[in-house]
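Consider the model shown here. The paragraphs that follow take up its backbone, its ligands and its charged side chains in turn.

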Amino acid sequence: MKKDMELANEVIRISGANPIRCMKCGKCSASCPSFNEMEYAPHKFVDMVVHGRIEELMESKSIFHCLSCFACVERCPRGVEPAKIVEAIRVVKQRQIGENYLDANDIPAIVDEQIPQQALVSAFRKFKK
Ligand code: SF4
Ligand code: SF4
């Protein structure tokens, strides 16, 4: 349990968010465009961090399905900033595995010329350490 809470404190420190302020209203998840793709919706991320369940979140594909759109941040009436928590868990995960998920040399094989540049920039931010 101690290790779990140490990880949780690391996530809170990196994110700068305050999950304790959550009142479980669910507005963040109701506005999340990736809700159907995410095993854990944003309100669940917040709750699991409070309870030290970081390793479960780190193993979930949800951390890569988040679009970093910040809709959850905009909608939260308590200023919890769930997107920053998701981002912080992604960072902890990337540091732990110590390698990039995405190599620049792989890009031509996986995208077509119609892809928006923002998507590429976002992917590098999410999949590189
Ligand atoms: S930032 Fe991520 S978790 Fe928040 S609403 Fe957007 S996709 Fe969902
Ligand atoms: S919107 Fe904010 S207060 Fe409501 S469940 Fe999400 S994180 Fe908690």
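Glutamate 81 has a relative accessibility of 22% and therefore counts as partly exposed, since burial requires a value under 20%. In this predicted model, glutamate 81 sits in the loop that joins α6 to α7 (82-97). Its phi is near 60 degrees, a positive value in a residue that is not glycine. As background, most residues other than glycine have a negative phi.

Phenylalanine 70 also departs from that general pattern: its phi is positive, at about 70 degrees, and it is not a glycine. Phenylalanine 70 belongs to the loop between α5 (62-65) and α6 (71-75). With a relative accessible area of 33%, phenylalanine 70 is partly exposed. A positive phi, of about 75 degrees, is found as well at glycine 52, just after α3.

Phenylalanine 70 leads on to the first ligand, for it is one of the residues that surround ligand 1. The shell of ligand 1 also includes Cys66, Leu67, Ser68, Cys69, Ala71 and Cys72. Cys32, Pro33, Pro42 and Ala83 are further members of that shell. By class, the shell around ligand 1 holds 10 nonpolar residues and 1 polar residue, with no charged ones.

What is the make-up, by class, of the shell around ligand 2? It has 9 nonpolar, 2 polar and 3 charged residues. Of the 14 residues around ligand 2, those that come nearest are Cys22, Cys25, Gly26, Cys28 and Cys76. Two helices, α2 (27-30) and α3 (42-50), each supply at least two residues of this shell.

Helix α3 has several buried residues, namely Pro42, Phe45, Val46, Asp47, Met48 and Val49. Pro42 is also listed among the residues around ligand 1. For a helix in general, there are 3.6 residues a turn, so residues three or four places apart point the same way.

Among the buried residues of α3, Asp47 carries a charged side chain. Which partner does aspartate 47 meet in a salt bridge? The partner is lysine 24, with an N to O distance of 3.1 Å. Lysine 24 lies in the loop between α1 and α2, while aspartate 47 lies in helix α3, so the pair ties together parts that are 23 residues apart in sequence. The two side chains come from residues of opposite accessibility classes: aspartate 47 is buried, at a relative accessible area of 18%, whereas lysine 24 is exposed, at 60%.

How many salt bridges does a search of the whole structure find? The search finds 6. In general terms, side chains of opposite charge can pair when their charged atoms come close. One such bridge joins the side chains of glutamate 55 and lysine 3, at 2.9 Å from N to O. Glutamate 55 is in helix α4 (residues 54-59) and lysine 3 in helix α1 (residues 2-15), so this pair ties together parts that are 52 residues apart in sequence. Glutamate 55 is partly exposed, with a relative accessible area of 34%, and lysine 3 is exposed, at 52% relative accessibility.

A further salt bridge links arginine 53 to glutamate 56, with their closest N and O atoms 2.9 Å apart. Arginine 53 is partly exposed, its relative accessible area being 30%. Glutamate 56 is partly exposed too, with a value of 35%.

How values were computed:
Residues numbered from 1 in each chain as written. Chains lettered and ligands numbered in written order. Predicted model: local features only at pLDDT ≥ 70, side-chain atom pairs only at ≥ 80, totals over all residues. Heavy atoms only, no water. Near = heavy atom within 4 Å. Helix = DSSP H or I, 4+ residues; strand = E, 2+ residues; numbered from the N terminus. Buried < 20%, exposed > 50% of the residue type's maximum accessible area, 1.4 Å probe, protein only. Salt bridge = Lys/Arg side-chain N within 4 Å of Asp/Glu carboxyl O.
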